[in-house]
Amino acid sequence: MAELPQATRLIAVSKFHPASAVQEAYDAGQRVFGESRLQELQLKQAQLPKDIEWHFIGHLQSNKVKQVVALAHTIHTIDSIKLLAEVDRCALKEGRTVRCLLQIHIAQEETKYGFDPQSCRQLLTPELLHSLKGVEIVGLMGMATYTDNLQQVREEFKSLATLFRELQQTLFAQYPNFCELSMGMSDDYSIAIEEGSTYVRIGSSIFGSRE
Ligand SMILES: *Cc1c(COP(=O)(O)O)cnc(C)c1O
């Protein structure tokens, strides 16, 4: 992997890889890891050093929110207002604030989760933001289409970055912590960085291919 610019942080996506692989990356200095399933997160969190910052990057079901909230530093995959409300409720109960990113649907595939940009503009209101007590919305996350067409990937990242800047200047103008743009994986992170990513989520380029 090429070196990342200062403003972009690396989330080492360790899903499907054993705790020993995480430990090895930890020993090399990495502290921020991404997991996509609750059970795996629980197993690794229990075994590994407590100063690891765990980022939850998988699709999150309502019935797992409580346990994810207990362990995750940041959740990247808020894809409905209902889920946002549930994370807020559980975080309050837990007595903490959870950093969350809104997942935006930018790809052409229908299978990817997320708000579409227009519904995101409509559903998020100042009142809603103001009512959140256990959640801090810190930015947007998106996944580009899985394709060899790099121009398409770039356009999708551009559209996410444009929405991000628009929201920064409008709805989130009073929220300086709304400053993260989570985009870019092993195959497309260099394009994502060029388009303004602050978090790249990289798995296979670090840990090898998954089973
Ligand atoms: C698995 C996964 C990644 C990492 O993908 P690689 O192609 O292995 O780098 C990044 N983001 C999300 C949301 C993932 O599920």
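Helices (H or I, at least four residues) and strands (E, at least two) are DSSP runs, numbered from the N terminus. With that in hand, you can place Phe16: look for it in the loop between β1 (9–13) and α1 (19–27).

Some ground rules before we go on. This is a predicted model, where local features need pLDDT of at least 70, side-chain atom pairs count only at pLDDT 80 or more, and totals for chains, interfaces and linings use all residues. Residues are numbered from 1 along each chain as its sequence is written, and side-chain values use heavy atoms, with hydrogens and water left out.

**Phe16 in its loop**

Back to that loop. Phe16 isn't a glycine, and still its phi is positive, at about 70°. Is Phe16 buried or exposed? Neither quite fits: Phe16 is partly exposed, with a relative accessible area of 39%. In these terms, buried means under 20% relative accessible area, exposed means over 50%, and partly exposed is in between (1.4 Å probe, protein chains only).

**Around the ligand**

Now for the ligand, which sits in the largest pocket. A pocket is worked out on a 1 Å grid over the protein atoms alone: it is an open set of points with protein on both sides within 12 Å along at least five of seven lines. To sit in one, a molecule needs more than half of its atoms within 2 Å of the pocket's grid points.

Which residues surround the ligand? Val13, Lys15, Ile57, Met141, Met143, Met185, Ser186, Arg201, Ile202, Gly203, Ser204 and Arg210 do, where being near means having a heavy atom within 4 Å. This shell divides into six nonpolar, three polar and three charged residues. Here Ala, Val, Leu, Ile, Met, Phe, Trp, Tyr, Cys and Pro count as nonpolar, Asp, Glu, Lys and Arg as charged, and the others, Gly among them, as polar.

Some of these neighbours come with distances. A nitrogen atom of the ligand is 2.9 Å from an N or O atom in the side chain of Arg201. Oxygen atoms of the ligand pair up with the backbone: one is 2.8 Å from a polar backbone atom of Gly203, and a backbone N or O atom of Ser204 lies 2.8 Å from a ligand oxygen. Taken alone the ligand exposes 400 Å², and the protein buries 90% of that (Shrake-Rupley method, 1.4 Å probe).

**Glu40 and Lys44 in helix α2**

Glu40 lies in helix α2 (residues 38–47), and Lys44 has its place in helix α2 too. Glu40 counts as buried because its relative accessibility is 11%. Lys44 counts as buried as well, at 4%.

Their polar contacts are in the table. A polar contact is a pair of N or O atoms within 3.5 Å; within protein, one must be able to donate a hydrogen and the other to accept it, and residues adjacent in sequence count only if both atoms are side-chain atoms.

| Side chain | Partner | Distance |
|---|---|---|
| Glu40 | Arg37 side chain | 3.1 Å |
| Glu40 | Lys44 side chain | 2.8 Å |
| Lys44 | His17 backbone oxygen | 2.7 Å |
| Lys44 | Glu35 side chain | 2.7 Å |

**Out at Lys82**

Finally, Lys82 has its place in helix α4 (residues 81–94). Lys82 is exposed, with a relative accessible area of 62%. How far apart are Lys82 and Asp187 in space, C-alpha to C-alpha? The answer is 32 Å, with their positions 105 residues apart in sequence.

Technical notes. 1 Å grid on protein atoms, 1.4 Å probe; cavity = no way out; pocket = protein on both sides within 12 Å on 5 of 7 lines; lining within 4 Å.
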